[in-house]
Amino acid sequence: MSGRRRYWTLLSGAVLLAGYLGLGVYNVESDESAVAYVLGRAVGRDVLPGIHWNPPWPWGRVAVARTATNFIMPVEHSDPGGTEESLWLLGDTNVIVGRLGIQYSIRSLTRFEVSHEDPRELLRRAGRRIVTRFLAGENVDAALTTRRSDLLTAVQRQVQSILDGHGTGIEIQSVNIQALAPPEQGGVRQAFQEVQSALADRERVVEEARADRAQILAEAEGEAEHRVNQAEAARHRRVEIAKGEGERFRGLALEHRRTPKLTEERLYLEAIEEILPRMETYVVQSGPDGKVNLRVVR
Amino acid sequence: MARRIAAVLLLALVVVVAATSFVVVDERSHAVITQFGRPVSVLSDAGFYLKLPVPFQRARLLDKRILITNTQETELLTADKKNVLVSTYISWKIADPLRYLAALRTREFAENRLAALVQSELGSALGDRPFGTILGAGGNGASLAELEGSVADAVAKVAQEDLGIEVVSLGVTRLIFPQQNLDSVFARMRAERARIARGHRSEGRAEAQKIAARAERERARIIADAEAEAAKLRGRGEAEAARIYAGAYEGHGEFYRFLRTLEAYKKVLNEKTTLVLPADSPFLDLLTSRIPSAGAGPRRDGQAPERKGEAPARAGASHDAKPGESGRDTGS
């Protein structure tokens, strides 16, 4: 009887003990890592994925967290006026809308666990701090254009250095800009777009002037060619006419040499024949002195 | 029965004593051991420690990690009386647990104290600086970093000495104008952009005008060149023609003059010309002398054939009715 009771007591004790020890079994998924503490000290630092055992409470404690994933920490503000825009002050006292994202992962869970009460909050604050500081040293044109990539590297480097200074075990993978633009409020963005369209107008006006110039020059070339061609044609005509007339004259001259009187007479009569019909001709009797009294004609 | 109850009570007592006579200090914590409320020791290294059970000694766990406190967004004035909204974070840790406990007791107190300290240091730091020196285009935010540094130093000094707190870092997370000032900032930005836009447009127009003027100049040059070329060509034509004519007329000067004179008559004498011919003009010789029945006077028939082969100019000269030689014709 007493032996049997002792058996049951032992058995239930063993089951309880096994159950208690079984509480120490924990699982680490492939994208996780874990830190195991025994009597407050971190033992297996950054435990690898798989099934593990660690002494259960109060002797030990296990922290498991996803670390292989990349997390995103937004860097933005809420507007003092309650609008959605995340405004930052620039060095030229202009104001800009900016939203960034910091992609990070937990490189060392142990440090992440031990160093800081809330490393993510620190990351958020450090991000805002560095962006505030960077933009406070920029003017609006540079911030919107040439300095964007410098902003990214500044945030990545300086935030990482703050995190390292706190020993957080967070590693920034990359920083990206989700928005960096003039504010919508007060019509500012529209004014900036107006500058863009003014730039486009300027390009267009200049392009049009260039096109006009090309057209004017092409027309001028055409006209120039036309004039030269005309002159060339005139020259050619002049020369050909000269040749023709020269030829004709030579023919006549040959004939004239053969029969000078006859030729001259013929030419004379031909000419007179042509001329006289055109003219008003009066035939008058010449006076005794052989002179013509023109009064008669009048 | 009474013995049984006594045994259970004793067991319970033993369990309580056993459970409270040790402390496990985590890596993330300090443990402060107090004896009747008075701190006696600080356990800062992780591990398992024995202590007197509860009524005698208690363990108070404090965070050993770095803690973070955000200050609320506050409106502050710069030296040149500009309003700015500023918020900060401060990260700190308990460096001296005993002093920390003595001064502050709870985390909430500590945070309020720190926040107040930061606010007042920030207020006086901003009050010392004109707004323009806090910003600074091109300075890479160095002036803001300098401001943070001076506030952090001032806070760190007080926190270290009075509160047992070590300041790890302090940063300005927000720096902006209050809403009522933002409106005028927006107006200024708008005006500036409008000016820039106007500048672009007028630059474009000026450029276009320059191009147009250049085009006009180039056009004029092209036309002038062409005209010069054309004139040269015409001149060459004249010269060539002259050479050809000269070649053709060479040796026939007399005949050329004769022919050319006739040509000139053809051109010069037109409908407007009135010609008066004397009846005895050689040109009319045949007309007046060959008709026998004409009552104009006696004509000797024998004369006419004699003149047949002669040029008309000479014919008139031998006419008997005419005392002198007259010209061939007389133009009016």
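These are my notebook entries on a predicted model with chains A and B.

**Conventions.** I number residues from 1 along each chain as its sequence is written, and chains are lettered from A, with ligands numbered from 1, in the order in which they are written. Since the model is predicted, I kept in mind that local features need pLDDT of at least 70 and that side-chain atom pairs count only at pLDDT 80 or more, while totals for chains, interfaces and linings use all residues.

**Entry 1, the interface.** I looked up the contacts between the chains, where two residues are in contact if their C-beta atoms, placed from the backbone, lie within 7 Å, and found 102 residues of chain A in contact with 107 residues of chain B. On the side of chain A that touches chain B, helix 6 (residues 188-258) gives the most, with 39 residues; helices (H or I, at least four residues) and strands (E, at least two) are DSSP runs, numbered from the N terminus. That side of chain A divides into 48 nonpolar, 23 polar and 31 charged residues, where Ala, Val, Leu, Ile, Met, Phe, Trp, Tyr, Cys and Pro count as nonpolar, Asp, Glu, Lys and Arg as charged, and the others, Gly among them, as polar.

**Entry 2, helix 7 against helix 7.** I noted that helix 7 (residues 260-275) of chain A packs on helix 7 (residues 253-268) of chain B at an angle of about 10°, with the axes 9 Å apart. The axes are lines fitted to C-alpha atoms, for helices over the stretch in contact, and angles run from 0 to 180 degrees between N-to-C directions. The angle makes the two helices roughly parallel, a term for angles under 35 degrees. Among the residues that meet are A:Leu267, A:Tyr268 and A:Ala271 on one side and B:Leu259, B:Leu262 and B:Tyr265 on the other. The residues of this contact divide into 8 nonpolar, no polar and 3 charged.

**Entry 3, strands across the chains.** I found 5 bridges joining strand 10 (residues 280-284) of chain A to strand 10 (residues 274-278) of chain B, and the two run parallel; strands pair if DSSP finds at least two bridges between them. A:Thr281 stands opposite B:Leu275.

**Entry 4, A:His116.** I located A:His116 in the loop between helix 2 (109-115) and helix 3 (119-135) of chain A. Is A:His116 buried or exposed? A:His116 is buried because 27 other C-beta atoms lie within 10 Å, the cut-off being 20 or more, with 12 or fewer for exposed, partly exposed in between, and C-beta atoms placed from the backbone. Beyond its neighbours within four places in sequence, A:His116 is in contact with A:Leu122, A:His166, A:Thr168, B:Arg65 and B:Ile66. The C-alpha atoms of A:His116 and A:Thr168 are separated by 6.3 Å, although the two residues are 52 residues apart along the chain.

**Entry 5, helix 5 of chain A.** I listed the buried residues of helix 5, which include A:Leu151, A:Val155, A:Gln160 and A:Leu163. What covers the buried residues of this helix includes strand 8 (95-106), helix 3 and strand 9 (170-181) of chain A, together with strand 9 (165-176) of chain B. Just after helix 5, A:Gly167 takes a positive phi of about 60°.

**Entry 6, a sheet in chain B.** I recorded an open sheet of 3 strands in the order 3-2-5, with antiparallel pairing. Its edge strands are strand 3 (38-43) and strand 5 (57-63), each pairing on one side only, and the twist averages 30° from one strand to the next. Strand 2 (residues 29-35) is joined to strand 5 by 7 bridges, and B:Thr34 stands opposite B:Arg58.

How values were computed. Parallel < 35°, antiparallel > 145°, perpendicular 65-115°, else oblique.
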